[in-house]
Amino acid sequence: MTPNRVPPARYVEPNLDEPRIARQYAGVRTALARDARTRRLVVPALVAAMVAVLLVAGLVRSRSGPARSELAAFETGPGAGHTVELSDGSRLELGASTRLGVNELANGSVALVLERGVVVADVAPRKDRAFKIRAAGHEVRVVGTRFEVRIDQERLSVSVERGRVEVAADGSGAVVRLLGAGESWSTKLPSSAVAAAPHAAPSGATPSAPEATVASDTPAAEVDPVPAPSATAATGSSSPHAKADGARALFERAQRARAEGRLADAKSAFRELRERYPDDPRAPLAAFELGRLELASSGDARGASRSLDQAARSAPKGSALQEDALARRVDALDAAGDVKECESARRAYLDRFPAGVHRATVAARCKKR
Amino acid sequence: VLPATATRSGSGPSDAALVVAARAGEDWAMEALFRRHARMVNALAFRLLGRDADVDDLVQDVFAEALARLHRLREPQAFSAWLSTIVVGRASKIIRQRRMLMRIGLARGSLDVDPDALVSSAAPPDVAVELRALYALVQSLPARLRIPLVLRRVEGHSLEEIAELTQTSLATVKRRLNEGDQRLEALLAKGKHR
């Protein structure tokens, strides 16, 4: 196919009439009015919150000696979130009951600290600027992307809508996970981190430095989200209750079990979904998640390799899921020490996704030890 | 109420004049800007998304964003080009979101484009065939490849214009078009557009 000499755009036109245009404009007016109302409400609230927090930060400094590096902070109450727009066009959407500290806000560097709650960051792409969000002993480094960081009860979660982020252990700087669009990662927080978050709020005013405590209690080797599996992990549940639920219920059950740290149940549900509903659109993702759990929780690299192979085969051709599954399979075989199979899997990935987002990582795998 | 002179004929106020008035809070100027550019935005959104379903939401979001941020527009006379850039960014976001939802099983169906419903019956047969083939193929591509291909092959934009619209470098546009072309050729060779 070659580009046409005369652009064929004129032959691809929507059905557009006056009532439709009028409806669209009514929608625009409604959105503009809503935005104006939001701005009127949000700005005074944010200013008040920042003033209050800055005052409290001053108290913390006077009591604790070492000054916190926080320049300012945004804080929301339990009722509603706020949106903050930075001068470069980046947007920070704060959820309810969130506290986001600003440690640095300069042309070449933005450093934020999420102490509790959730923030969705839509970061304008700029190669010359470092954009970081620290949260519960980890640092999320960004280059032009949209992602969410959440501290929720006992877990820290990062999910990426577009672009890429690195999750690194705070302090050591070791990269824990590289996340692409559509990927997410979470880790169970050590008890010190969970306890630290509320104390970081203005009302706490404790002299301790929560970031330092978390970093020292969370070495890079321990940050993986999944604890050891239980003895029932490989039984492959086929309970009548699960059979009656259907694919959707099984998927939700698996996700819930994983979020609650019941990894054997999560694996069992993913496995059951994959086997009982192979044609369901969730089946490839279930196989993929099963492979990730097998690799991360039980170190079952060969089992993970099989699950990821199944995920890659059943995922839509050329999809992000297929790409991720092929890349993770290389990781699994590399972890298993099977150099020959690893090299074969690596070729499969690079042949299919020569410009894939994991190509650099995959290319570095399969080294003989 | 929209003044009768605010048309594209050249007899009405220029985009720059409308932008200045709209910045001052003149509702009629906002509506004039909307009506003047609504068809362009609708058409571009439709061709980028390849379907009608999300066009209304996109058009509303684009104008709401543009009209709320008119103070950021450094060159008021460039309103149309600026608007197109916002359309491209929003369309790219919708395509990515849809691919992500399909990936996790929350969007039904395997096709987000209906090639047969897209192309006008007035299109010459050879153009219609090529357009249907193109849209059947691009839906399997990620937004970063799909958007430049549609801008190039359907809209007929130059490489420099695509770089401006997608907010990327010329080298990136060339690389993505090249990659998109290769993947299209590969898909064509496999007959996957049929």
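Here are three short exercises, with worked solutions, on a predicted model with chains A and B.

**Exercise 1. Describe the fold content and packing of chain A.**

Solution. Start with the secondary structure: chain A has 10 helices and 10 strands. Next, turn to burial. Of the 369 residues in chain A, 47% are buried. Then look at sequence separation: taking the contacts in chain A between residues at least 6 apart in sequence, 51% link residues at least 24 apart. Finish with the surface, where about 17,500 Å² of chain A is accessible and carbon and sulfur atoms account for 54% of that area.

**Exercise 2. Work out how much of each chain takes part in the contact, and how much area is buried there.**

Solution. Begin with the residues: chain B supplies 53 and chain A supplies 46. Now add the area. Between chain B and chain A, about 4,300 Å² is buried, with 55% of it from carbon and sulfur atoms.

**Exercise 3. Find the polar links across the interface, then characterise the chain B side.**

Solution. First come the salt bridges, of which there are five between chain B and chain A. One to locate in your viewer pairs the side chains of Glu18(A) and Arg35(B), with an N to O distance of 3.0 Å. Polar contacts come next: 11 residue pairs qualify across the interface, both residues being at pLDDT 80 or more. Now see which elements of chain B contribute two or more residues to the side touching chain A; among them are helix H2 (27-49), helix H4 (79-103) and helix H9 (170-190). H2(B) gives the most, with 11 residues. Lastly, sort the residues on this side of chain B by type: 25 are nonpolar, six polar and 22 charged.

Notes
Residues numbered from 1 in each chain as written. Chains lettered and ligands numbered in written order. Predicted model: local features only at pLDDT ≥ 70, side-chain atom pairs only at ≥ 80, totals over all residues. Heavy atoms only, no water. Contact = heavy atoms within 4.5 Å. Buried area = accessible area lost by both parts, 1.4 Å probe. Salt bridge = Lys/Arg side-chain N within 4 Å of Asp/Glu carboxyl O. Polar contact = N/O pair within 3.5 Å; in protein donor to acceptor, adjacent residues only side chain to side chain. Helix = DSSP H or I, 4+ residues; strand = E, 2+ residues; numbered from the N terminus. Nonpolar A, V, L, I, M, F, W, Y, C, P; charged D, E, K, R; others polar. Buried < 20%, exposed > 50% of the residue type's maximum accessible area, 1.4 Å probe, protein only. Areas by Shrake-Rupley, 256 points an atom, 1.4 Å probe, with all protein chains shown as cover.
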